[in-house]
Structure formats: C-alpha cells, structure tokens
Amino acid sequence: MDMLPLKHPWWVLATIGVGELLVTLDNAIVNIALPSAQAGLDFADAQRSWVITAYALAFGSLLLLGGRLSDVFGRKRVFLIGILGFALASLFGGLAPNFAVLVAARAAQGAFAALLAPAALALLATTFPTGPARARAFGMFSALAVAGSAIGLVLGGALTQFVGWRACLFVAVVFAIPSAVGARVLLPGGRASTRPRVDVPGAIAATAGLFFLVFGFSNAETSAWSSWQVAGLLALGVLLLAVFVVIQRTVAHPLLPLRVVLDRFRAGAFITGFVTIIGMFGVNLFLTYVMQQSLGFSPLVTGLAFLPMTVALMAGATQAPVLLLPRFGPKALLAGGLTVCAGALFWLSFLSTTSTYGASIVGPLIVMGLGMGTAISTMFATATSVADPADAGVTSATVNVVQQVGGSVGTALLASIAGIAAASSRDLTTQSAALHGYSVGFLAASAIFLATALIVSILVPPGRLPLRSEEHADGVAHRAAHSPAGTPRTATQARERTSSSIARPLR
C-alpha cells in the first residue's frame, strides 16, 4: 500500500481533514468549557488541570506507537478505529456523572487521537505523493490542523454559552460520523507490502519517556522548574528517551528508524513544527487573558477576535506551498515563516494598559497567521515528502510528537517567563504587572523564533525537495515513454530499463 490510486482524492482530503480538525479543535473547545464543567460536576481547582493533562499525557506518549501501528495494520483500519474510538470516548465524557469519569474519557480521547492523527497525515502523504495537487492538499490540511484551535475557541464559546458544557464533548460525534463514513467508502483497504514488526522494547521506552516528559512540563505550569517533582519527571523522561535511541540503533525493526530524524530536510521540518506550536500556544494563552481581563471581552467574542489570524493562516497555508515551495524550496519558506512570526510576536510585546484590539492586536494576529501558515504547511509537506512509504505512519507520528511536546514546553516555559516578569513588577498595578509579564513572554517567544529561523537556514539544504526513489522511477519512466524511437515506448518498459540505475531510497 505504497501509493493510493484514488478516483476522488479531494473527497478523501475532506474526510481526512475533518478527522484532523476533530483532534485539534477538541482541546480548544474543552478549554473554553472547563469552568462550566467544573461548576457542573463540582470538582476543586486543584483537580481542574487533570481534564487537560489526561488528554495530553495519553496523546503525547502513545503517538509514536500509534504511527507505527498504522504502518503495520493499515492506515485506513487504524484511522477508522481512532475516529470511532474518539467519538465513543467523547460521548462518555459528555455523559460523565462525575470528575473521575470525565478524566477517564479525556484519557481515552487522547489514546484514540494518537491512532487517528498520524494515520490521517500518512493517508494524506500517500494519497498526494507529488506535484501541485500535493502542495494544495498539504496547505489545506495544515490550515485545518492549526486553525482548529481558533475554530474551537469560537465553537466552544458558543456551545458553552447557549447549550452547555456537555455539548462541547458531544459535538465530536457530529464531526466523527461523516468522517468515518467517508473513510469507509472512499479509502482503499490493505496493508503495506512490507509490514514492519512492532518494536516492543522501543515502544515501552518511547511511551514512558514521552509520558514523563509531557507530565513534567505540565507540572511546571504550577510548580517551580527547580522542584524535585518537575526536575525528576523531566530527567526521567530524558533518560528513557535516551534509552529509546540506543534501542533504535540496535534492533532489527525499530519503532522510529533513525533515518527518519537524521535527514536534514526532515530535521528542519521537525524543529519548525516544535517551535511554531510554542508560539501558537503562547499567542492563544496570553491574548485570551488580555482580551478577557484587560479588554473585557466575553469568551465568545474572544474566540471571534482570533478569526483574523485564522483567515490569514489559511491564506498562507494554502498559497505558500503552491506558489512558493516549488520555486524556492523548503529552506526559504521555513526560515521565512519563522522570521515573520518573530516579527509579529515582537509587535505584541508592546502591549500596555492603553492598547486596543484594533490598534495593537489585530495587526500582529494577521502577520502571525501568515507566517504560521507558511511555516506549518511547508513543515508538513517537507516532513512527509521525503519519507519512504513504509515509514509514512511513524514519520507522521513524529510530526505530531514534536508539536505535542512543543505545546507542553511552550505553555510551561512562556507561562513561567511571564509569571516571573509579572512578579518582579512590584511597583505596578495587578493589571499592569500581568501585561508586563505577557509582553516579556512575547519578547522571549520572538527571540526563540529568530534563533530557530537561523538554525533552520543552516540545517536545511538549499533547493527543492528530493524525490523518493519510486517517484524518481515514475518521472524517468514518464519521460522515457514519450522519448523518440529506439527507446522504450511504455512506462512498464521504461521502469524495467531504469530500475537498475535508481539509487536506494532516501534515508
């Protein structure tokens, strides 16, 4: 099942896109609904974070295993299990009679999302292997993936305000059913021609390492970085991931072949994905507080206020891969998108008590959306375009891993920086001190983006993306089939002639 010969690829994109949108918007919807859920189920403030953490721990720790399972058992099958399981978990969460059931449902959502997300991206990569159609597809997919957070804020605010917090979980079923039906009808079945085995020791080490890493960063939001709890969890996570790397170097069938992360194109894409999500979480977190506490916006109006960034993001994500990526290659777009984001974050660092939405926020949001859309759509296309088909699932999972860990790091790191800066502003009012903290957080994020742009510009090779060996064969065969007399006249004959000259698959 290397490439999927589909009659209706754009309907397939819609099916896969809805599945990915379900994963990304759900977390934002639940964030908005959390205060109402707390009041409805009567749980303490100290327990509140577990509604978010349970999902993050299950999702982040199981992603690599979920990606490899899609390579082993077939991406259509794993996609269907993931989306139907996610819908069922959401239904139980919406019906939760108490806090414990709600947290268990959220953990189940995260586990099924770890199957759904990498399978969706792998299906996209194998449905659109090359050409302008691939660029458009990845642009639309990445726009949905990132815009899901903003859409979730609006939808969550409306549902919470007019229907109730339980509707924020039930709505996942509404998205899941048409996506599952579309996948069942449109996607071909089957498994990969060469089925990799599941690396059990690697799966255990990776799952445990990512669990402790995400758990550590989640605790850093409320505890000091130097506390034994945070430092111990992070150290244990790093140690287990180091053990995982050693295992991958020695086993015959690694869970994450090191060729996936050592390729310079993919490495630059992974770094970009990690950092862009840090910026996205920082903007959403800080500006939500600014708009509600300083500007007096309601939750619904706050969600609507993010729409300019969503529109700009979708414009950048759908146009940059089609118009710019074929001409300039991924290096310029990755580094350029990061630099544009750095400028937007720097602009936001000038927020003060006299700032208004129209004069100080909407402009940076539009710039941020353009940069983010360009960088993330290029990241998705780059990370998957140079991957061997047998590694499509685990490569897609790695994209999701770096984003999930980046979100955890970004929330914890920027919140800590903002908190320290606000606490040091003793001569300011509470509101002024909070704004000063957010400004310092935006400035720190801007510096991170600039440094990453420099690293990516050095790491990623210039020029266009390389072709996989089978894509190279198809291109040579096509040219040979249309060559002058005396050469092979059919694609099959051309492939036979060129097969001996094709290099081994890209690392």
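The legends below accompany an overview and several close-up views of a predicted model.

**Figure 1. Overview of the predicted chain, whose secondary structure consists of 18 helices and zero strands.** Among the 507 residues of the chain, 55% count as buried. When contacts with a separation of 6 or more are considered, residues 24 or more positions apart account for 82% of them. The chain exposes about 20,400 Å², and carbon and sulfur atoms supply 69% of that area.

**Figure 2. Close-up of the pairing of helix H3 (residues 75-94) with helix H4 (residues 99-127).** The axes of these two helices come within 7 Å and cross at roughly 155°, and because angles over 145 degrees count as roughly antiparallel, H3 is roughly antiparallel to H4. The crossing of H3 and H4 is left-handed. Sorted by class, the residues in the contact of H3 with H4 comprise 19 nonpolar, six polar and two charged.

**Figure 3. Close-up of helix H12 (residues 307-323) where it packs with helix H13 (residues 325-348).** The axes of H12 and H13 lie 7 Å apart, and the angle between the two helices is about 115°. On the H12 side the contact involves Ala-320, Pro-321, Val-322 and Leu-323, which meet Leu-325, Pro-326, Arg-327 and Leu-333 in H13. By class, the contact of H12 with H13 contains seven nonpolar residues, no polar residues and one charged residue.

**Figure 4. Close-up of the packing of helix H10 (residues 264-294) with H13.** Here the helices pack at an angle of about 20°, with their axes 11 Å apart, and since angles under 35 degrees count as roughly parallel, H10 is roughly parallel to H13. The crossing of H10 and H13 is left-handed. From H10, the contact is made by Phe-265, Gly-268, Ala-269, Thr-272, Val-275, Thr-276, Val-283 and Leu-287, while H13 contributes Pro-330, Leu-334, Leu-338, Leu-345 and Leu-348. The residues of this contact of H10 with H13 divide into 10 nonpolar, three polar and no charged.

**Figure 5. Close-up of the surroundings of Thr-382, a residue of helix H14 (residues 357-385).** Thr-382 counts as buried because its relative accessibility is 0%. Residues up to four places away in sequence being set aside, Thr-382 touches Phe-265, Arg-266, Ala-269, Pro-330 and Leu-465. Phe-265 and Ala-269 of H10, together with Pro-330 of H13, also take part in the contact of H10 with H13.

**Figure 6. Close-up of Leu-241, placed in helix H8 (residues 228-250).** With a relative accessibility of 21%, Leu-241 counts as partly exposed, given that the term buried is reserved for values under 20%. Leaving aside neighbours within four places in sequence, Leu-241 is in contact with Ala-206, Gly-209, Leu-210 and Leu-213. Leu-241 and Leu-210 are 31 residues apart in sequence, and the distance between them in space, taken C-alpha to C-alpha, is 7.4 Å.

**Figure 7. Close-up of Asp-42 in the loop between helix H1 (9-41) and helix H2 (45-73).** Asp-42 has a positive phi of about 60°, although this residue is not a glycine. At 68% relative accessibility Asp-42 counts as exposed, as the threshold for that class is over 50%.

Note on methods: Residues are numbered from 1 along each chain as its sequence is written. This is a predicted model: local features need pLDDT of at least 70, side-chain atom pairs count only at pLDDT 80 or more; totals for chains, interfaces and linings use all residues. Side-chain values use heavy atoms; hydrogens and water are left out. Helices (H or I, at least four residues) and strands (E, at least two) are DSSP runs, numbered from the N terminus. Buried means under 20% relative accessible area, exposed over 50%, partly exposed in between (1.4 Å probe, protein chains only). Contact means heavy atoms within 4.5 Å. Accessible areas come from the Shrake-Rupley method with a 1.4 Å probe; for residues, only the protein chains shown count as cover. Axes are lines fitted to C-alpha atoms, for helices over the stretch in contact, and angles run from 0 to 180 degrees between N-to-C directions. Angles under 35 degrees count as roughly parallel, over 145 as roughly antiparallel, 65 to 115 as roughly perpendicular and the rest as oblique. A crossing is left-handed if the near helix is turned anticlockwise from the far one by less than a right angle, and right-handed if clockwise. Ala, Val, Leu, Ile, Met, Phe, Trp, Tyr, Cys and Pro count as nonpolar, Asp, Glu, Lys and Arg as charged, and the others, Gly among them, as polar.
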